[in-house]
Amino acid sequence: MEFLAYFGDVFTPINFGLLLIGTIGGLILGATPGLSPTMAVALLIPFTFRLEPAQGLILLGAAYTSTVAGGAVSAILLKIPGAPANIATTLDGHTMAQKGQGARALQLSFLASAVGGVFGVLLLIFLTPVLAQWALAFGPSHLFWLAILGVTVIGSLDSSSVVKGLLSGCIGLWLATIGFDDIMGAQRFIFHSSVSGGINVIPALIGLFAIPQVITMFAKGRKSLDAEVLTVERHPIKDAFREVFSRTRALTIGTLSGSIIGLIPGVGGQIAGLVAYDQSKKMSSESEKFGTGHSEGVIAAESANNAMVGPSLVPLLTLSIPGSPTAAVLLGGLLIHGIFPGSDLFDNYPDVAWTFINSMLVGQILMCIFGLYVAGLAAKVAQVPNAVMAAVVLGLAVFGSYSVQNSMGDVYVMMALGTGMYFLERFGFSAAPLVLGLILGPIAEANFIQGSMIANATSSVGQYFFTGALNLTLITIVVASIAYSAWMELRSRRYTTKDDAIEKEEALS
Amino acid sequence: MKKLVAAAAMGLMTMTTGALAGGHENFPERPIMMMVSYGAGGATDFQARIVTMTAGNEDALGMPIAIINKPGAGGRVGWNWFATQAEADGYTLGAYNIPHFIAQSIEGGVEYSADSFEPIANWGADPAVFVVAADSEFNSMSDVVDYAKANPGQLTFSGAGLFVGHHIAALQLEKAAGVKLAYIPNNKGGAGAMKAVIAGEVLGGVNNLSDAFRAREAGNVKILGVFDLERNDFLPDVPTLKEQGFDIDNASVNFRGVMVPKGTPQPIIDKLAEIVPTMFENGRVAGKMKAGGSPMHIMTRDEVLEMWAAREQTLKELLAGL
């Protein structure tokens, strides 16, 4: 209960002011496409040079929590996931916004984020020593099986057809091989200097999700003015509360899978949302409604990606190993003040450590309050005429892709992938499995190579990858996941003809 | 209107010619940008931000330096850009990592070599160290080598990747001890390699001194040896490899510093080479670097030129066998 003693420190005028600035600033940065949580935190580091250690960390921690949640705003309203964590949010959230229920989607997402986020930080407070061991338990073979588990999700993520889902997943896996390979440094498919660093996930995300939509809007021209007649439904916050807490299944699955996956160094945030979405879809009694603007989808995805925030800091704070890019940036923020994470942090600087953790707890609540406040206003975005909207989205897409690495090459990649995706969507393929392939490819590959190198030096590949409780558990889940998809496929054959795809497209836009 | 345009054009012309004729005495006249070929928050980026924070002072350059990150492919993306596209006008600086970029240019497939860049000054030197988990049975480098001799090719140890300082250190150890080892490159850099050691996925690892020092403070690892010519101020109790009987020099030490593209006017190079090292000596910079556990090693342009040439020689010999 040591953390309670330091709660007062969060509410000193300066600390609380910084917390407010970090939260509001983080929401705005998070809502801007391309500004991922990692980059938002990195941008703020220079401002912490002159602050006290605890104050600097409050600012960084608040920015981290609220950028993750803020990413939902552009995901829902513009269909541009700001970071990989928000991919799953677009699937149902954007559909809701198109039906005029943007306010409801945003309210649900902020409430679910707060529930997940608070749970994650509580885990960080109470279970840190236990969790640290769990984070270390995942070696190369386990991460490989985890990535394979992610691949099995691909098939069921696309609601129209398993085969098309798998095909677009394969395109993603291929795109992931472009560039210098992570371990050996071999050059693969580098046909132009802009892809020599590989396909960066964020420009790819922006292109794949936003550009097809922009082209569709332009293609419609001024013929249909439906955007202007769309009425944005007002949605009382009270109802949102009731809805979030009545969807206990989605909320529980999202929060738990987010916390568990967030803990694993190197995989965490990117796939937590998608795995939670897929799991709650499989377990839901209304699984056919997913993808059509169903509230469970938004709740599961958003509770998962914020639940990941607290546990993702466990390896950093206890073992001094940054488990995610954002944690690596936070490490820089600590080092600049001469504080080393690990036992040193909790023994010698408990005021810094606990004030930081407490402020993340308070930050989650503040984030939720501000989020709910702007939800109603922000949802009016749906009333913007198509022509204007298309221009704004295109501008944000270019800005977001460029800002990731200050590179025009990323903008070309974004435009090329986006244009390609427009045609793929015409044939019933969807972007989410493709992105998942792009994210999981390098994880599976690098861990397989590392694992087999270790295996060849010590035992045999078969023994290294197929023995041990954790390996076997993961393999069992993989097999179960494939079997479940196959069974569902046989029970209700799902396939889409071109006409269906166009019909669906027209119904949506 | 035409008159206005003409006047503006004239003005612009006089301004540019003025700047050209005026030589470089007034350099720098606008803020300078420094390219870091690793991501925001990494060790190189973190240190680059600290050592350039006083650039705007009157006794330094008088103009701030802004950091631009161009990460990707172990630094290759940023250095390719710097060698081929960066303007050689003195307003575009770059951070270098030795031995990384020289080893990569020897390996091939990149558009740069040591001749594509002009060094300005060196700010830091982070030696590689050999780490094992805190509960490991190894207590000295000879324990490690004895194990490797008894089990050839089975001593697994991690490092940040291929063709980086850690890999060079691993090759040197194999050569000096005359044993076959299993070097496991990690795709998550030094942090990932350290995690593999602490979690017991591998028996040992080569890592950065600064990161290993922190991990030892946290009680997670033992440090068995330093791949450098002398013991380090941060770890006075850890002997060098040479002291333990292995003929290993400082070829794997990760030197970090500032460079400009080839073709930058000589007067500008001279001016930067004169001012930049004094900027690194600033007390505030030294204090922040020490607090972060980052060893400083300031070298002038001439010393860096010599170091680059020596490094290229050693690396060509070491990597010839690969």
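The following questions and answers concern a predicted model with chains A and B.

Student: How many helices and strands does the secondary structure of chain A contain?

Tutor: The chain to consider has 509 residues. Its secondary structure comes to 26 helices and two strands.

Student: Why does the radius of gyration of chain A agree with that of a compact globule?

Tutor: The C-alpha atoms of chain A fill a box of roughly 65 × 60 × 50 Å along the principal axes. For 509 residues, a compact globule would have a radius of gyration near 23 Å. Chain A agrees with this expectation, because its own value is 22 Å.

Student: What percentage of the contacts in chain A with a separation of 6 or more joins residues 24 or more positions apart?

Tutor: Burial gives a first view of chain A, where buried residues make up 60% of the 509 residues. As for the contacts with a separation of 6 or more, the share from residues 24 or more positions apart is 80%.

Student: Is helix α13 of chain A largely enclosed or largely open?

Tutor: Helix α13 of chain A covers residues 248-263 and reaches 23 Å from its first C-alpha to its last, close to the 22 Å expected at 1.5 Å a residue. Its buried residues include A:Ala250, A:Leu251, A:Ile253 and A:Leu263. Since 12 of its 16 residues are buried, α13(A) is, with respect to the rest of the structure, largely enclosed.

Student: Is A:Lys79 buried or exposed?

Tutor: A:Lys79 lies in the loop between α5 (53-77) and α6 (87-98) of chain A. Although it is not a glycine, A:Lys79 has a positive phi of about 60°. Most residues other than glycine have a negative phi. The burial class follows from the 22 C-beta neighbours inside 10 Å, where 20 or more are required, so A:Lys79 counts as buried.

Student: Which burial class applies to A:Phe189?

Tutor: A:Phe189 is placed in the loop between β2 (187-188) and α10 (201-220) of chain A. It too is not a glycine, and its phi is positive, at about 50°. There are 13 C-beta neighbours inside 10 Å, so A:Phe189 counts as partly exposed.

Student: Which element gives the largest share of the side of chain B that touches chain A?

Tutor: The contact takes 47 residues from chain B and 44 residues from chain A. Elements of chain B that give two or more residues to this side include α2 (43-51), β2 (65-69), α3 (76-84) and α7 (189-198). By class, the side of chain B has 19 nonpolar, 18 polar and 10 charged residues. The largest share, five residues, comes from α7(B).

Student: Which residue of chain A is in contact with B:Asn69?

Tutor: B:Asn69 is found in strand β2 of chain B. It is buried, because 23 other C-beta atoms lie within 10 Å. Leaving aside neighbours within four places in sequence, its contacts in chain B are B:Val36, B:Gly39, B:Ala40 and B:Asp45, and its contact in chain A is A:Gln405.

Student: Which strands stand at the edges of the six-stranded sheet of chain B?

Tutor: The sheet is open, has mixed pairing and follows the order β2-β1-β3-β10-β4-β11. Neighbouring strands are turned by 25° against each other on average, direction ignored. A strand at an edge has a single partner, so one of its sides is left without a neighbour in the sheet; in chain B this applies to β2 and β11 (296-299).

Student: What is the bridge partner of B:Gly94 in β10(B)?

Tutor: Strand β3 (residues 92-98) of chain B pairs with strand β10 (residues 254-261) of chain B in the antiparallel sense, over five bridges. In β10(B), the partner of B:Gly94 is B:Met259.

Student: At what angle does helix α11 of chain B run to β4(B)?

Tutor: Helix α11 covers residues 301-320 of chain B. It lies across β3, β4 (117-126), β10 and β11 of chain B. Its angle to β4(B) is about 85°.

Student: What is the omega of the cis peptide bond from B:Ile98 to B:Pro99?

Tutor: Most peptide bonds are trans. A cis bond joins B:Phe27 to B:Pro28, with omega near -5°, and B:Pro28 is in the loop between α1 (2-21) and β1 (32-36) of chain B. B:Pro99 is found in the loop between β3 and α4 (100-107) of chain B. For the cis bond from B:Ile98 to B:Pro99, omega is near 5°.

Definitions and conventions:
Residues are numbered from 1 along each chain as its sequence is written. Chains are lettered from A and ligands numbered from 1 in the order in which they are written. This is a predicted model: local features need pLDDT of at least 70, side-chain atom pairs count only at pLDDT 80 or more; totals for chains, interfaces and linings use all residues. Helices (H or I, at least four residues) and strands (E, at least two) are DSSP runs, numbered from the N terminus. The radius of gyration is taken over C-alpha atoms; the globule rule is 2.2 Å times the number of residues to the power 0.38. Two residues are in contact if their C-beta atoms, placed from the backbone, lie within 7 Å. Ala, Val, Leu, Ile, Met, Phe, Trp, Tyr, Cys and Pro count as nonpolar, Asp, Glu, Lys and Arg as charged, and the others, Gly among them, as polar. Two strands pair if DSSP finds at least two bridges between them. Axes are lines fitted to C-alpha atoms, for helices over the stretch in contact, and angles run from 0 to 180 degrees between N-to-C directions. The expected span of a helix is 1.5 Å times one less than its number of residues.
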